[in-house]
Amino acid sequence: MDSVVQLQRQLVDYTVQLFNEGFLDDQFNQLQQLQDESNPDFVVEVVTLFFEDSERLLDELAKALEQQSVDYTKIDAHVHQLKGSSSSIGAQRVQKVCIGFRNFCEERNIEGCQKCLHQVKREYSLVKTKLETLFKLERKVLAAGGSIPWPM
Amino acid sequence: MEREPSAIRDEYAPVIFSQETVSYIESLDMMSGEEDRENILRARATGKAVLTRPFRLLGSHHLGVVLTFPVYKSKLPPSPTAAQRIEATAGYLGGAFDIESLVENLLGQLAGNQAILVNVYDITNSSDLLIMYGHQNLDGDLSLLHESNLDFGDPFRKHLMICRYHEKAPASWTALTTVFLFFVIGLLVGYILYGAAIHIVKVEDGFHEMQELKFRAEAADVTKSQFLATVSHEIRTPMNGILGMLALLLDTDLSSTQRDYAQTAQVCGKALIALINEVLDREKIEAGKLELEAVPFDIRSILDDVLSLFSEKSRNKGIELAVFVSDKVPEIVVGDPGRFRQIITNLVGNSVKFTERGHIFIKVHLYENAKAMTDTKVSTCLNGGSNESVLTSGSQKFKTLSGCEAADDQNSWDVFRHFSDEEFRSDASINVTTNNEASEDVGLMVCVEDTGIGIPLKAQGRVFMPFVQADSSTSRHYGGTGIGLSISKCLVELMGGQIDFISRPDVGSTFSFTAVFGTCKKNVFNNMEKRNAEALPSGFRGLKALVVDGNPVRATVTRYHLKRLGILAEVVSSLKLAAGSCGKNGSLTSGGKIQPDIILVEKDSWISGEDGVSSVWQLDLKQNGHTFKLPKMILLATNITNSEFDKAKGAGFSDTVIMKPLRARMVAACLQQVLGMGKKRSQGKGIPNGSSFLQSLLCGKRILVVDDNRVNRRVAAGALKKFGADVECAESGKAALKLLQLPHIYDACFMDIQMPEMDGFEATCLIRQMESRANEQMNGEYMVEERTARKVQWHIPILAMTADVIHATHDKCLKSGMDGYVSKPFEEENLYQAVARFFDPKSTLKS
């Protein structure tokens, strides 16, 4: 088993990488700070909520775009939700795509919307994988007896 | 002369009377000569004088003429005829003109030196000139003839006199000389004019040349600047690349040698970038393109930053580094913080470089005070007080920060103490006065005093010259380029001040500069980017501390830093005195000794004092029979060895040692650790030191968060809970309405704007309607609430949460009855401002 220090190092490096690549932004830091002894799993809980919410929204979006007569207001509402939640946890890239998505909605550009949906799905799955890896690393560190060196 | 009787004629004219000189013509018949006869007859007829032709006179045989006048017997009628004239003739009067002797006598004087040849002619008959005088052939200088008419009185005859020089007049020397002189003068004048013209032409040419050269020089200068800028930009880009890569490299796993190498490379790279920046700065300053900002900033925090830069280096060298800012210096001043930091960094950096022992002391005073200080010093000198070399026990021979002598007498301890004591005592009055000077300029004087190697006297004149260092070997030994001070000088002068220094070789140097800053009201600063300025923790306000330090200057610095945290501090010079003052609980010694919560002991004082004093003291306290909290004892040290640390722990000092140089934030952190206050979180980005403000505002308040998004609800709730609030969530406008049915228990509500079914505005409108209905009902009724027994109007503060704060429709929010808006996700500054309007920070916790 890797030593605690090495694991911590890995965790730090990974997190830094995520920030550098724009997957996460400062809001994620804020979330981490909200986590303390009284609230030890705050980040994981919120992120899990985000995953559930986002998957639901993405399904809805896919369905809505397949309709004959596309209801842009509904799509806009969904995208707005997704944007809100992604910004709340600091999923920067998802949020950015949502902004573009909303523009296309306003223009009632079906192709643009579909492209954005693809993009959003891709970004979402990327950030999901990354965050899951992050949490795994965290668990490893905790299992090895170390503490999570938040915040960065 | 032969005389013969004249021939028989009709008339005779014998000479009757004659002048003695011509007596030989007596009784001669004038009419005997034909010409004479005609003359006489004519004269008789016309009544006018008549001249003969020139002829040889009888006596002298000179050429001459005879002039004959008729004499009439009786009165003639007014216009007589010739016949009447002839009738009336009585006789004749004649005169002989000896032309030759006449001319010679007359002209003898005229001739002068030169012989003048005169020719007199009878030119009655123009074709036949009769010579009366002169040679037949005209010789002599014919070039210059002067002709004049002679009038003997006979209208019939004309006579002409021609004068000429016998010889050509020799070249008249006067004329020649004059001509020559004139010529010469003319030449000279001509030459002068010519010279002047040439000069003008030359000057003009020179001028044109200079202009051209000037253009070329300016162009060259511009080119040089451009070149420098381009080159340094070109250099900087790859340099930044190198540094970036090194930073990344250092983030990876490296062996210690690898890390060492990489760090060295990084240091070198950073130094190179610094050098380029310095050179560019110099360029900018010279080109006059440097502009100073005018933003509000906090001097004390800038000095803290600079101190932290150098704290490790100075600690390694064993130098005491300290900062003191006079109370009279306002908290916020308007100026250019970056450049100010640059100057201070440069001066302190120099001091750190060139000092091996002793101290580096930075002092900031108001300029007026500084001047007053020097006056005081002068007066004390006059009074015969000697401030230097006071021989006290131990190593402290001089009253300075470290005990080593400092170069500048004027900043000696006595003067310093005089003013700092004044300031510490008269706190309140000063604050009042500074508030009244709203936006005047304030002049500050900053002194950086060190006990280093000093500047050799010969080099002192060149200190501020760029690229010049004190000694050619300085760069080798100490590093540096030599630009720093010249840049600092330019910056100081741009700030409206002056920089100067006093340096004594092997004693130390004191650099001082003045600068002018603007002032601004504190509120203005608070509204601006307070995010960057992390406020000092306020949890220590009101604490009392006792500082034990034998060195008065150092103790004052410590007291200043504690004061910044709001801690009142007293100073004693040894542990014994401390024990004495604290032991007697409540005894009224002079000045009213306070009961300290913490005791800060300077390591030097403790070590030079007696061991085990603290334990004696503790005993003393117990003996008094009072049970009170033992004040925590903390050690202050520049550096500390392990053995000293163990000893300190054994003597009762806490685990935490406050390391010098003192910085307010660091002291606060250490005190936090010792006193167990504050959060356990380490100092990091985003740690809201201002969270203490928000905490005091929100602690215990019951807040309703309304948002249709689960994630947002969780995050918002989590954030608010962190500040101690009680949070409940609602997932729609409708649900919120239900919860906010009156009477409700909530202190505030955060409402998302965009929600399906009922958006934030609508919900707020309904809530307000509900409230106004209830308020109307309340009129006249006495409302008993859970918390207060006062009459209360229902109005819950509702704040909108919006992701787009910039474009938030403020009007719409207000129209629907909201009280403001905050950003989503929460930003602390924003949140604090919005919430502060409703919640009084000093309100007590609700049960």
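This is a short walk through a predicted model, chain by chain and site by site.

Okay, so before we look at any side chains, let's talk confidence. The model scores ipTM 0.83 and pTM 0.44. Chain B averages a pLDDT of 75, and 74% of the residues score at least 70. If you want the extremes in chain B, strand β21, residues 702-706, is where confidence is highest, at 90, and helix α10, residues 427-436, is where it's lowest, at a mean of 42. Also keep an eye on residues 380-396 of chain B: pLDDT stays under 50 there, and the model has 18 contacts for that stretch beyond four places in sequence. Residues 527-533 of chain B are also below 50, with seven contacts in the model beyond near neighbours in sequence.

Now the general layout of chain B. We've got 25 helices and 25 strands, and of the 847 residues, 41% are buried. Take the contacts in chain B between residues at least 6 apart in sequence: 69% of those join residues at least 24 apart.

On to the cores. As a rule, in soluble globular proteins nonpolar side chains tend to be buried together. Here the largest nonpolar core has 70 residues, and the ones touching the most other members are Ile75(A), Phe101(A), Leu131(A), Leu698(B), Phe750(B) and Phe826(B). Which helix gives this core its largest share? That's α3 of chain A, residues 42-66, with 13 residues. Apart from this core lies another, of 52 residues, including Val329(B), Ile455(B), Val463(B) and Leu491(B).

Let's zoom in on Phe826(B). Leaving aside neighbours within four places in sequence, Phe826(B) is in contact with Ala716(B), Ala719(B), Leu720(B), Phe750(B), Met801(B) and Leu831(B).

Next up, Asp752(B). UniProt, in an unreviewed entry, lists this residue as a modified residue, 4-aspartylphosphate. Asp752(B) lies in strand β23, residues 748-752. Is it buried or exposed? Asp752(B) has just 3% relative accessibility, so it counts as buried. Beyond four places in sequence, Asp752(B) touches Val706(B), Asp707(B), Asp708(B), Gly760(B), Met801(B) and Lys824(B).

Over in chain A, there's another aspartate to look at. Asp53(A) lies in helix α3, and Asp53(A) is buried because its relative accessible area is 4%. The side chains of Asp53(A) and Arg56(A) are joined by a polar contact of 3.0 Å. Then, past the sequence neighbours within four places, Asp53(A) is in contact with chain B, at Asn709(B), Arg710(B) and Val711(B).

Two more stops in chain B. Trp606(B) is found in helix α16, residues 603-608, and with 4% relative accessibility, this tryptophan counts as buried. What does Trp606(B) touch, not counting residues up to four places away in sequence? The list is Leu575(B), Val601(B), Leu635(B), Glu644(B), Lys647(B), Ala648(B), Ala651(B) and Phe653(B). Trp606(B) and Leu635(B) are 29 residues apart in sequence, and their C-alphas sit 8.7 Å apart.

Last one: helix α7 of chain B, residues 337-354. That's 18 residues, reaching 26 Å from the first C-alpha to the last, close to the 26 Å expected at 1.5 Å a residue. At the start of α7(B), a side-chain oxygen of Asp336(B) comes within 3.2 Å of the backbone nitrogen of Gly338(B). The buried residues of α7(B) include Phe340(B), Ile343(B), Ile344(B) and Leu347(B), but also Arg339(B), Asn346(B) and Asn350(B).

Technical notes
Residues numbered from 1 in each chain as written. Chains lettered and ligands numbered in written order. Predicted model: local features only at pLDDT ≥ 70, side-chain atom pairs only at ≥ 80, totals over all residues. Heavy atoms only, no water. Core = buried A, V, L, I, M, F, W, Y, C linked by side-chain atoms within 4.5 Å. Buried < 20%, exposed > 50% of the residue type's maximum accessible area, 1.4 Å probe, protein only. Helix = DSSP H or I, 4+ residues; strand = E, 2+ residues; numbered from the N terminus. Contact = heavy atoms within 4.5 Å. UniProt positions renumbered as here; feature names shortened; annotations may be inferred. Expected span 1.5 Å × (residues − 1). Polar contact = N/O pair within 3.5 Å; in protein donor to acceptor, adjacent residues only side chain to side chain. pLDDT = per-residue confidence, 0-100.
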